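Here is a short note on the charged side chains. Please keep the structure open while you read.

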Amino acid sequence: MLMATRDSMEQLITEIKDKIDTAKKELDETNRNGYDVDSEYTNAQTNLEQAEAEIEHMKLSANHQQREQLHRLHLQVSQVLNDMYLDQVDLNEYS
């Protein structure tokens, strides 16, 4: 089994944190402006879903400490995704 390198972990974490930041901005903008969910919002949501798969894939070759780090990252992704899903439901109910 190949071990996850520090570089590959750092790269993945950076990419996923960027995706989280983008999704939070879309979520905030949608909430603040009351816009319908647009393609940028949907793309941010899709990117987070892909990030979850990337995290799971990286866990396969991660050591214990890296798995803990990936787990924490997964929790962050899940929180933002849940907020996005709930917002979509709210926006659809009031539109």
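How many salt bridges does a search of the whole structure find? The search finds three. Keep in mind that this is a predicted model. The points below take the pairs in turn, then turn to charges without a partner.

1. **Glu54 and Lys19.** These two side chains form a salt bridge, with their closest N and O atoms 3.3 Å apart. The pair links distant parts of the chain. Glu54 sits in helix 2 (residues 39–59), while Lys19 sits in helix 1, and 35 residues separate them. Look at the cover on each partner. Lys19 has a relative accessible area of 17%, so it counts as buried, the limit being under 20%. Glu54 is partly exposed, at 27% relative accessibility.

2. **Arg32 and Asp28.** Here the salt bridge has an N to O distance of 2.5 Å. Both residues belong to helix 1. They are four residues apart, which is about one turn of the helix. Arg32 has a relative accessible area of 55%, so it counts as exposed, the limit being over 50%. Asp28 reaches 43% and is therefore partly exposed.

3. **Lys59 and Glu56.** This salt bridge lies in helix 2. Its N to O distance is 3.4 Å. The two residues are about one helical turn from each other, because they are three residues apart in helix 2. Glu56 is partly exposed, with 39% relative accessibility.

4. **Glu26.** Now take a charge without a partner. Glu26 lies in helix 1 (residues 6–33). Is Glu26 buried or exposed? Glu26 is buried, yet it has no salt bridge. Why is Lys25 not counted as its partner? Lys25 is the nearest side chain of opposite charge, but it is 8.9 Å away, and a salt bridge needs the nitrogen and oxygen within 4 Å, so the pair does not qualify.

5. **What touches Glu26.** Set aside its neighbours within four places in sequence. Glu26 is then in contact with Asp38, Glu40, Tyr41 and Ala44. Asp38 and Glu40 count as negative, and so does Glu26.

6. **A negative patch.** Which residues gather in a patch of negative charge on the surface? They are Glu29, Asp36, Asp38 and Glu40. Two of these names, Asp38 and Glu40, also appear among the contacts of Glu26. Glu29 is found in helix 1. Its relative accessible area is 32%, so Glu29 is partly exposed. That value also meets the patch cut-off of over 30%.

Notes:
Residues are numbered from 1 along each chain as its sequence is written. This is a predicted model: local features need pLDDT of at least 70, side-chain atom pairs count only at pLDDT 80 or more; totals for chains, interfaces and linings use all residues. Side-chain values use heavy atoms; hydrogens and water are left out. Buried means under 20% relative accessible area, exposed over 50%, partly exposed in between (1.4 Å probe, protein chains only). Contact means heavy atoms within 4.5 Å. Patches are made of residues with over 30% relative accessible area and no salt bridge: like charges are joined within 9 Å, nonpolar side chains (Val, Leu, Ile, Met, Phe, Trp, Tyr) within 5 Å. Accessible areas come from the Shrake-Rupley method with a 1.4 Å probe; for residues, only the protein chains shown count as cover. The place of a charge is taken as NZ of Lys, CZ of Arg, CG of Asp or CD of Glu.
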